[in-house]
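Hi,

Here is the structure I promised to send over. Have a look at it first, and then read on for my notes.

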Amino acid sequence: MEDRYKILAVDDDPANLFIVSEMLGDEFDVKNAASGEEAFIVLETFTPHIILLDIMMPGMDGYEV
């Protein structure tokens with residue numbers, strides 16, 4: 001099996017996470033996080049090549065992440 005590029009999508013809107021997964025999931029290994037805090041938990045075991053990060057989120061916003 002060939003290695004696929006890894007993407008971490010971070011967004012507080014579930015619809016946006018669904019769209020990213022649907023559009024990119026066939027070609028890339030996509031993981032989702034619903035908050036900045038959750039993103040750091042995912043990053044403990046998943047090293048993405050790129051992070052798609054929402055800026056305006058409650059709690060820890062994208063700039064703080």
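What percentage of the 65 residues in the chain do buried residues make up? The answer is 26%. Bear in mind as you read that this is a predicted model.

First, the overall layout. The chain has three strands and two helices, and along the sequence they come in the order β-α-β-α-β. Its radius of gyration is 12 Å, close to the 11 Å that the globule rule gives for 65 residues, so the chain is as compact as a globular protein of that length. If you want a feel for the dimensions, the C-alpha atoms fill a box of roughly 40 × 25 × 15 Å along the principal axes. As for contacts between residues at least 6 apart in sequence, 51% of them join residues at least 24 apart.

Now the inside. In soluble globular proteins, nonpolar side chains tend to be buried together. Here, the largest nonpolar core has seven residues: Leu8, Val10, Ala33, Ala39, Val42, Phe46 and Met57. At least two of the core residues come from strand 1 (6-10), and at least two from helix 2 (36-42). Leu8 is a good one to click on: leaving out residues up to four places away in sequence, its contacts include Ala33, Ala39, Val42 and Phe46, and Ile50, Ile51 and Leu52 are also among them.

Then there is Met60, in the segment after strand 3 (50-53). Is Met60 buried or exposed? Its relative accessibility is 16%, and because the cut-off for buried is under 20%, Met60 counts as buried. Beyond residues up to four places away in sequence, Met60 touches Gly36, Glu37, Phe40 and Val65. Val30 sits 30 residues from Met60 along the chain, and their C-alpha atoms are 21 Å apart.

Finally, the outside. The accessible surface of the chain is about 4,700 Å², and carbon and sulfur atoms account for 56% of it. Phe40, Leu43, Ile51, Leu53 and Val65 form a nonpolar patch on the surface, together offering about 350 Å² of accessible area. Two of these names came up with Met60, which touches both Phe40 and Val65. Ile51, another patch member, lies in strand 3 and is partly exposed, with a relative accessible area of 41%. Ile51 also touches Leu8, a residue of the largest nonpolar core.

Cheers

Terms used
Residues numbered from 1 in each chain as written. Predicted model: local features only at pLDDT ≥ 70, side-chain atom pairs only at ≥ 80, totals over all residues. Heavy atoms only, no water. Core = buried A, V, L, I, M, F, W, Y, C linked by side-chain atoms within 4.5 Å. Buried < 20%, exposed > 50% of the residue type's maximum accessible area, 1.4 Å probe, protein only. Helix = DSSP H or I, 4+ residues; strand = E, 2+ residues; numbered from the N terminus. Contact = heavy atoms within 4.5 Å. Patch = residues over 30% accessible without salt bridge, like charges linked within 9 Å, V, L, I, M, F, W, Y side chains within 5 Å. Areas by Shrake-Rupley, 256 points an atom, 1.4 Å probe, with all protein chains shown as cover. Salt bridge = Lys/Arg side-chain N within 4 Å of Asp/Glu carboxyl O. Rg over C-alpha atoms; globule rule 2.2 N^0.38 Å.
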